[in-house]
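Colleague: Please take a close look at one spot in this model, beginning with how far it is open to solvent, and then set it in the context of the rest of the chain.

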Amino acid sequence: MPRQADIYSRVVAAKLFIDENYHEPIQLKHISQKACFSRFHFHRVFTKIYGKTPLEYLTAKRLQQAQHLLQQEGISIQEICNSVGFESLASFSLLFKNRNGYAPQYYRSLAFIKNKLAREQPHQVIPHCIIQNMFS
């Protein structure tokens, strides 16, 4: 029977595999093989350790990267969708909106406005308590 530390290190190795390969089509069998567990046992252990299923973790990782890319200029939403591992723009947009409350294009517009405001009026984006402490 594997020791608990061995189990954790194997699950962490599988999580790192997800982190490094989120943009690829990954299936549970690929991830569980990295941890040397059956798919079912890996699913249970991963969910217990991280509080979300491997698929939920993978989806969150992809959406997190998409948020980062949406704040950059020169990359279309379709390119972002493909580069983070989603196969369908429709499913990406729906998941993104459900997770963030905004469609990808609207999120991008808000990010551009926020960045422009930060450049033009930096005092507007610094919390008042910090400004007050700086000049007290």
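Modeller: C36 is exposed, because its relative accessible area is 60% (buried is under 20% relative accessible area, exposed over 50% and partly exposed in between, with a 1.4 Å probe and protein chains only). This is a predicted model, in which local features need pLDDT of at least 70 and side-chain atom pairs count only at pLDDT 80 or more, while totals for chains, interfaces and linings use all residues. Residues are numbered from 1 along each chain as its sequence is written, and side-chain values use heavy atoms, with hydrogens and water left out.

In the fold, C36 belongs to the loop that runs between helix 2 (28-35) and helix 3 (39-50); helices (H or I, at least four residues) and strands (E, at least two) are DSSP runs, numbered from the N terminus. The backbone at C36 deserves a second look, since this residue has a positive phi of about 60° although it is not a glycine. Most residues other than glycine have a negative phi. For C36, then, an exposed position goes together with a positive phi in a loop between two helices.

A neighbouring part of the chain brings in helix 1, which covers residues 4-21 and contains L16. L16 counts as partly exposed, because its relative accessibility is 40%. Its C-alpha lies 9.6 Å from that of K34, although the two residues are 18 positions apart in sequence.

Another loop to compare with that of C36 is the one between helix 4 (54-70) and helix 5 (77-83), where both G74 and Q71 are found. G74 is exposed, because its relative accessible area is 78%, whereas Q71 counts as partly exposed at 36% relative accessibility. From the C-alpha of G74 to that of P104 the separation is 14 Å, with their positions 30 residues apart along the chain. For Q71 and N115 the C-alpha distance is 8.7 Å, and these two residues are 44 positions apart in sequence. When residues up to four places away in sequence are not counted, Q71 touches Y107, A111, F112 and N115, a contact being heavy atoms within 4.5 Å.

Seen as a whole, the protein chain has eight helices and zero strands, and read along the sequence its pattern is α-α-α-α-α-α-α-α. The radius of gyration (taken over C-alpha atoms) is 20 Å, well over the 14 Å that the globule rule (2.2 Å times the number of residues to the power 0.38) gives for 136 residues, so the protein chain is more spread out than a compact globule. Taken along the principal axes, the C-alpha atoms fill a box of roughly 60 × 45 × 20 Å. Of the 136 residues, 29% count as buried, a class to which the exposed C36 does not belong. Among the contacts in the protein chain with a separation of 6 or more, 53% are accounted for by residues 24 or more positions apart.
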